[in-house]
Amino acid sequence: MKKRMTILAAFLALSLAACGGASESSSSNGEKESFQPSKPIEVIAPAGPGGGWDTTARTVAKVLEEEQLIDQRMAVVNKPGGGGAVGWAYVHGKKSDPHTLFVTSPPILFVPLNGQSELDHNDFTPIAGVIADYAAFIVSADSPFNSMSDLVNALKEDPQSVSVVGDSAPGSMDHLVFVKAAKAAGVDVKQLKYVSAQDGNGMSMLLGGKVDVYSTGLAEATEQARAGKVKVLAITAPDRLEGDVISTFPTLKEQGIDDEFIVWRGFMGPPEMDEAAVTYYENAILDMMETDTWKEQRDNFGWTDNFMASDEFKAHLDEEYEVMKEIMEEIGLVN
């Protein structure tokens, strides 16, 4: 009996040691408990309704919910102002909160460079890159401009004779994309007449005859072109795109302007977001991009898949920052 008790005690000791060893191994490998959102997720679109940020945020949130890839409601909230700075300040105040995300794109680089925000991409947590989009320069259906050549000729004759509206602040994306293209075409860009419609009513201003040209995203241009309300003078893609309606949009390059601009979009979170939460959202987005629901929405807007995991997205932001800084210094937009 004593011998049997000794054997049992030894067995229990070995079992406990094995369990302790497994726990210690798990800790030494840096494994963490998995994250699951415990309440609705706030998705910030740092601009008014209808723009590229808003469209991306609402589309991604809708697909994630419909495909049940995130088991919480995703509430999209618009926080316009300052070319994105108002929304960024709000998210920055949510330090380490895993239930707050925001959609981002090149303005997270432009706006700090032009002095409109003290916060830049380094002040947030990269989650994932999602899509590549393109900008479009459009005019109303009854505009005298029928091509970029028409528009460029008018701008060369008198840069102040044409008003260009965008839904971002001066020195931010809608402005800078047009400036970059106009400069490539030989226009004196320092004299351009740019109107900022940060409340997201740039399209209304164009259709109402208050401005001549609207610098916007491809998705916004496609919707109105399909309805016959606007003419798309050019898009910033390197080549013509495939798809209903968008295949008719000419590129800058095919009109003799050696310029292109890729509008990447992705998601970031507040500073110091837990790695487990980052991985959770990163994986959910990657899974989403494999669904037919996403592919249908993506193709409808003329987007291109451009997934980047968190680390890759951070490296991309760092590289793009240096590129944008050089461009903005060249055209005198760095504050």
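**Aromatic contacts and a buried helix face**

Good morning. Ring pairs join Phe 35, Tyr 280 and Tyr 281 into a cluster. The model under discussion is a predicted one.

Let me set this cluster in context. A search of the whole structure returns 10 aromatic pairs. In one of them, Phe 35 and Tyr 281 are tilted, at 6.0 Å centre to centre with 55° between the planes. This pair connects distant parts of the chain, as Phe 35 belongs to the loop between helix H1 (2-28) and strand S1 (41-45), while Tyr 281 lies in helix H9 (residues 275-288), 246 residues apart.

The second contact in the cluster is that of Tyr 280 with Tyr 281. Their ring centres are 5.3 Å apart and their planes stand at 80°; an angle over 60 degrees counts as edge-to-face, and the pair is therefore edge-to-face.

Are these residues buried or exposed? Both Phe 35 and Tyr 281 are buried. The relative accessibility of Tyr 281 is 2%, and that of Tyr 280 is 13%. Buried means under 20%, so Tyr 280 also counts as buried.

A ring also takes part in a contact of another kind. The charged end of Lys 79 sits over the ring of Tyr 90, 4.2 Å from the ring centre.

I turn finally to helix H3 (residues 85-92). Its buried residues are Ala 85, Gly 87, Trp 88 and Val 91. Viewed down the axis of H3, these fall within an arc of 160°, and they therefore line one face of the helix. What covers them includes S1, helix H2 (52-66), strand S3 (100-104), helix H4 (107-113) and strand S9 (262-269).

Thank you.

How values were computed
Residues numbered from 1 in each chain as written. Predicted model: local features only at pLDDT ≥ 70, side-chain atom pairs only at ≥ 80, totals over all residues. Heavy atoms only, no water. Phe/Tyr/Trp six-rings, centres within 6.5 Å; stacked < 30°, edge-to-face > 60°. Helix = DSSP H or I, 4+ residues; strand = E, 2+ residues; numbered from the N terminus. Buried < 20%, exposed > 50% of the residue type's maximum accessible area, 1.4 Å probe, protein only. Lys NZ or Arg CZ within 6 Å of the ring centre and 35° of its normal. Arc of directions from axis to C-beta. Contact = heavy atoms within 4.5 Å.
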